[in-house]
Amino acid sequence: MTDCEGSRRFSGRTALATFAAVTALAAAGVWFSQATDRASAVDAAPKTSAVRDVRSSGKATGGLPGLPGVRDCGFGEPEIKPKVITLTCADAGMVATGITWERYGAAEAEGKGVVQVEKAAAGAGADAGFPARFRLYGAKTVDGARAFTGLEVTYEGSTPLGDSTEMYNLA
């Protein structure tokens with residue numbers, strides 16, 4: 001009986017080890033299958049270094065007089081319908097890029113794009129991009145010009161800081 005009990009115990013351990021290995025492989029497969037989604041989001045948006053090129057190419061106001069704009073990090077002339085908004089002004093480590101505006105009005109604006117996070121800001125080994133929706137609000141006159149003072153970022157999936165919604169002060 002001792003040999004039989006030993007073989008049952010061995011079979012149980014083998015089955016448990018096999019189950020654990022299969023579960024780990026399945027989880028890894030799900031994670032890797034989503035990697036193409038993450039990679040395409042990163043590829044679809046300009047990299048943070050490229051953001052400087054977009055900004056330096058000129059600021060189009062879209063010919064919409066009277067509408068509030070966005071002052072990058074609270075400075076300069078407000079830009080109407082910006083394609084890029086710096087989220088972390090201290091280090092420019094997080095930048096909203098590739099923004100397309102679906103609705104842009106006097107009180108509020110809504111659009112979508114990608115939040116680019118530089119590896120230093122993300123604490124990771126590579127830059128990352130996170131698809132998100134953006135809502136501008138709180139239009140006020142600031143230094144003689146109309147500007148939105150708040151930005152709400154709602155992520156569509158994974159997030160850089162763990163929160164699905166983040167608020168930024170643009171004033």
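Which strand does threonine 86 lie in? Select threonine 86 and you land in strand E1, residues 85–86 (strands are DSSP runs of at least two residues, numbered from the N terminus).

Before moving on, a word on the model: it is predicted, with local features needing pLDDT of at least 70, side-chain atom pairs counting only at pLDDT 80 or more, and totals for chains, interfaces and linings using all residues. Residues are numbered from 1 along each chain as its sequence is written, and side-chain values use heavy atoms, with hydrogens and water left out.

Stay on threonine 86: its relative accessibility is 6%, so it counts as buried (under 20% relative accessible area; exposed is over 50%, partly exposed in between, with a 1.4 Å probe and protein chains only). Now add aspartate 72, whose side chain makes a 3.1 Å polar contact with that of threonine 86 (N or O atoms within 3.5 Å, one able to donate a hydrogen and the other to accept it; residues adjacent in sequence count only if both atoms are side-chain atoms).

Next up, salt bridges: there are six (a Lys or Arg side-chain nitrogen within 4 Å of an Asp or Glu carboxyl oxygen). Pick glutamate 102 and arginine 133, with closest N and O atoms 2.5 Å apart. This pair connects strand E2 (residues 94–104) to strand E4 (residues 128–142), 31 residues apart.

Then select arginine 135 and glutamate 108, bridged at 2.8 Å. Arginine 135 sits in E4 and glutamate 108 in the loop between E2 and E3 (109–117), so parts 27 residues apart in sequence are tied together. Finish by adding Arg103, Glu110 and Glu152: shared salt-bridge partners join them with Glu108 and Arg135 into one network.

Key. Helix = DSSP H or I, 4+ residues; strand = E, 2+ residues; numbered from the N terminus.
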